[in-house]
Every structure is written in C-alpha cells, then in structure tokens.
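Visitor: I would like to go through some labels on this model and hear the reasoning behind each.

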Amino acid sequence: MRINEDILLEGEKVVLVPYNADHVPRYHQWMCSPELQKLTASEPLTLEQEYDMQRCWREDDDKCTFIILDKQKWADPSIPEQECMVGDVNIFLTDPSDPSLAELEIMIAVPCYRGKGLGKEVTRMMMYYGVHKLGIQKFEVKIGLDNKISIAMFKKFHFRELSNSEVFQEVTLGVTVNEALQKHVFGNMDFMLQREYGKARDSRQAPFTPLSL
C-alpha cells in the first residue's frame, strides 16, 4: 500500500516502519529458515524474487506492511536500521466486496525477541491503525495449530475460533470491532506516536557533528 509509505508508528518497545528495498536482504535471510517458512506457510524465494515481492506489496492496494524494529536499538543512530529489524506485520484485505475485513499477520522473526510482549504491542498498534486509518471493522488471523502461544494471545484480544483445518494444520480466529473491543484492546493508546518515516530516517543518518567548545 502506498498509504503507509511515509508512516512511522512508534510504541514503547517497537518502531514500525514501511517495508522498503533496504530491508529485503535481512528479510530474505529470515525467510530462508525452515522454521519461519513453516510458521508463515511460505515457500522459499530467491533474493530477486524477494525484491519483486517487496515492490508488489508496496504497490498493491490490498496489502499494508510494516517492518518491526527494536526501539532501543533504533534510538542509537550508530546502528543501521537493518540491524534493528526483528519481524514484520501485515494487514491483507482479503475480500474485494468487503474492504472492512482484513487478515492480520505478525511475525517476530528473531527468536530472542519472542515472549517479551512485542507481539502484543504490535497487535494493538496495527489493529488501531487498521481501524482508524484503513476503516477495518473485522480482523481474522490464521495460525498453525501447534502455535499455542499466538493462539492464546489473540484469544486474549477477544478473537474467537472461526474454523479449524486439519488439512492445513491451522486455525482461523476472528473478531469484530465494537465498543467493548476498543475499550479492552486499545484502552489508552497515548503511548503510540505517528511520525514521518522519511524525516525520522534521515535524522538517524545525518552525520554527527561534535559540539565545539
């Protein structure tokens, strides 16, 4: 989606930035992992195919993708943005006849970042963005049956089981946005800030000039 090409969302633990070409080599490295291929039901791609996919996701009107960065690392300008990457989050508009329905997909790719609350924060931020910027009113997630942690997390966010596929070994959970959900899931979202990605990125890359005394 072009709508988020210059959008940066800042939380307490993470920073979400648009998926651009600079991120592709690191992303491709992740997706060479058989574990992540299984968790995301993905086929291995060549690096060139990954670049093509990134361009496709940027242009398509039915896909909104952010790369998840470690906020603490990203705050240090000496650390390249690619080294701050820990995962990605996507909203897919799956039904052309119902633009208020979206599939949500979250991947914490770096194992040492799992189980630290990043997935919960990213879920809240992305659902909030989807509701208030994209007009989403219904969310679905597809999760592998053996991914008990993710299933439990989404159920805490009021997602309920819609279907269970033994063939694909996955469960589909869904939730409709209502007042109760907004109060329970979003609550106080004052911690989430929206900034211009280009300006934030350029300020990180600006050369450091020592203060002359």
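Visitor: Why is the contact of E196 with K199 called a salt bridge?

Guide: In this predicted model, the closest N and O atoms of E196 and K199 are 3.8 Å apart. The cut-off is within 4 Å, so the pair counts as a salt bridge.

Visitor: What makes K199 exposed or buried?

Guide: K199 has 58% relative accessibility. Exposed means over 50%, so K199 is exposed.

Visitor: Why is E196 called partly exposed?

Guide: The relative accessible area of E196 is 41%. Partly exposed lies between under 20% and over 50%, therefore E196 takes that label. Elsewhere, R2, E5 and E59 are joined into one network by salt bridges that share partners.

Visitor: How do you know that K138 and D98 form a salt bridge?

Guide: Their side chains meet at 2.6 Å, N to O, and the limit is within 4 Å, so the label applies. This pair links distant parts of the chain, 40 residues apart: K138 belongs to strand β6, and D98 to the loop between β4 and β5.

Visitor: Which label does D98 get, buried or exposed, and why?

Guide: D98 has 17% relative accessibility. Buried means under 20%, so D98 is buried. K138, at 29%, is partly exposed.

Visitor: What makes D62 and K63 a salt bridge?

Guide: Their closest N and O atoms are 3.2 Å apart, and the requirement is within 4 Å, so they qualify. D62 is partly exposed at 31% relative accessibility, whereas K63 is buried at 17%.

Visitor: How many salt bridges does the structure hold?

Guide: The structure holds 12.

Technical notes. Residues numbered from 1 in each chain as written. Predicted model: local features only at pLDDT ≥ 70, side-chain atom pairs only at ≥ 80, totals over all residues. Heavy atoms only, no water. Buried < 20%, exposed > 50% of the residue type's maximum accessible area, 1.4 Å probe, protein only. Helix = DSSP H or I, 4+ residues; strand = E, 2+ residues; numbered from the N terminus.
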